[in-house]
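The following explanation is intended to be read alongside the sequence and the coordinates. It proceeds from the whole chain to the sheet and then to the surface.

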Amino acid sequence: MDSLQKLNLAFISLAITIVSLNIATDLPFIEVKFPNNNILLRTTPVKNQSSSIPSRVGSDDCRLWTKVCSDEILLLAHEPENVAWLKRVRRTIHENPELAFEEYETSRLVRTELDRLGIRYKYPLAKTGIRAWIGSGGPPFVAVRADMDALPIQEAVEWKHKSKVAGKMHACGHDAHVTMLLGAAQILKSREHLLKGTVVLLFQPAEEAGNGAKKMIEDGALDDVEAIFAVHVSHEHPTGVIGSRSGPLLAGCGFFRAIITSEQSGSSADLIIAASSAVISLQGIVSREASPLDAQVVSVTSFDGGKSLDELPDTVVLGGTFRAFSNSSFYYLMKRIREVLVEQVGVFGCTATLNFFEEQNAIYPPTTNDDRMYTHLKKVTVDLLGDNHFSVAPQVMGAEDFAFYSEVIPAAFYFIGIRNEELGSVHIGHSPHFMIDEDSLPVGAAVHAAVAERYLNDKHS
């Protein structure tokens with residue numbers, strides 16, 4: 001960083017301090033200029049204007065992006081009052097977890113904050129979801145999404161802000177996702193005069209169950225939107241490090257259940273042997289038919305042959321999951337699971353009735369990052385945080401309903417690190433011991449804001 005950049009950064013920090021002092025003391029705002037005569041704070045608010053609405057902050061030079069613009073966003077995100085607010089919001093949501101399509105209070109909290117910030121929105125979408133927007137109100141439109149739902153897990157972490165709802169917990173970090181997007185909303189609102197289009201903020205219900213993304217899309221969440229981004233916390237990355245990759249990032253996911261019965265009523269066919277043979281044969285689909293360079297999974301995860309120890313069952317029920325990183329491989333697995341189960345139990349004089357839960361929307365396609373959106377994300381992150389805060393993430397067999405957005409428009413999904421051994425933030429999502437390092441919150445807010453603002457900026461460059 002040269003001396004002029006350092007001086008500019010110091011002026012930005014001074015300006016943000018002045019904003020905070022003016023809000024606290026109700027004094028008039030002043031213009032602060034960089035050494036190159038660019039104005040950072042350009043207008044004086046009307047008398048008695050609510051201090052809740054962020055003041056306009058941002059150099060006019062950000063209409064042509066420079067490192068100074070990234071620094072402005074990062075400094076806004078890390079302003080002490082903002083960090084304290086982010087932690088309060090996240091802890092409130094964490095204490096009051098709500099399951100899929102039940103996120104009424106979480107949604108109310110989000111709308112309250114949007115009202116405070118003077119941000120317009122549409123509600124409800126997908127029962128509890130929200131579509132907010134900041135900017136010109138015209139094209140181009142770029143979206144950022146956060147999921148809101150919790151999990152039916154009893155929290156085992158003992159801390160001041162532990163879940164107050166028995167059997168429910170934010171064990172996957174969605175409380176942090178909502179908070180980061182609200183943090184980005186505050187930053188973007190303060191820089192609204194610089195936005196060369198419209199940023200759409202999607203607060204989505206039911207990622208964990210119910211495919212909330214599909215219902216958001218059905219209700220118009222992506223109307224006019226040409227690109228979308230989203231983040232997920234990750235215990236695999238150190239706090240504040242961003243990870244992603246081009247192409248398939250998360251697997252497509254499906255489930256199956258087979259009910260195995262005898263072909264003839266009263267037959268003495270051994271259903272246990274038939275079902276066991278089918279389980280073994282299912283394991284050969286990936287090991288013998290899939291390319292070793294194309295990662296796939298077929299796992300039988302349940303087997304119910306009754307509880308009696310001295311008689312054969314009339315029915316055996318088995319089920320499991322299958323995963324793949326491409327739609328072609330995914331649907332090939334589905335076809336082969338059906339064929340193998342039906343044919344294999346047929347050898348023993350039995351029949352298999354399969355359910356892939358398609359009517360329950362239990363199928364998630366792979367989450368695939370668009371090459372251009374990934375390149376944009378990486379460029380923005382490196383400029384904002386530095387080379388050492390971006391890594392190419394490995395593919396993950398987990399699934400995400402963000403995939404439904406990525407099937408409609410160009411998209412990029414990325415991880416933000418929350419791993420901190422000293423705090424104990426090392427546990428995988430969906431664990432009762434899951435926790436996050438809250439130092440990730442302002443970083444996530446800054447990345448969201450920079451990705452969105454710079455996307456609009458680049459479209460006009």
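The paragraphs below describe the chain, its sheet and one surface patch.

The model is predicted, so local features need pLDDT of at least 70 and side-chain atom pairs count only at pLDDT 80 or more, while totals for chains, interfaces and linings use all residues. Residues are numbered from 1 along each chain as its sequence is written, and side-chain values use heavy atoms, with hydrogens and water left out.

The secondary structure of the protein chain comprises 11 helices and 14 strands; these are DSSP runs numbered from the N terminus, helices being H or I of at least four residues and strands E of at least two. Of its 461 residues, 54% are buried, meaning under 20% relative accessible area, with exposed set at over 50% and partly exposed in between (1.4 Å probe, protein chains only). Among contacts (heavy atoms within 4.5 Å) between residues at least 6 apart in sequence, 78% join residues at least 24 apart.

An open sheet of 8 strands follows the order S1-S2-S4-S3-S5-S14-S6-S13, with mixed pairing; two strands pair if DSSP finds at least two bridges between them. Strand S1 (120–125) and strand S13 (390–392) stand at the edges with a single partner strand each, so one side of each has no neighbour in the sheet. From one strand to the next, the twist averages 25 degrees; axes are lines fitted to C-alpha atoms, for helices over the stretch in contact, and angles run from 0 to 180 degrees between N-to-C directions.

Strand S3 (residues 141–147) runs parallel to strand S4 (residues 198–204), joined by 7 bridges, and aspartate 147 has glutamine 204 in S4 as its bridge partner. Helix H5 (residues 174–190) packs on the sheet, where it touches strand S2 (129–135), S3, S4, strand S5 (225–238) and strand S14 (411–419); the direction of H5 makes about 145 degrees with that of S3.

S3 is also joined to S5 by 5 bridges, again in parallel, with phenylalanine 141 partnered by valine 225 in S5. S5 in turn pairs with S14 in the parallel sense over 8 bridges, and isoleucine 228 stands opposite alanine 411 in S14. Because 11 of its 14 residues are buried, S5 is largely enclosed by the rest of the structure.

On the surface, phenylalanine 348 lies in the loop between helix H8 (327–346) and strand S11 (350–355). Phenylalanine 348 counts as partly exposed because its relative accessibility is 33%.
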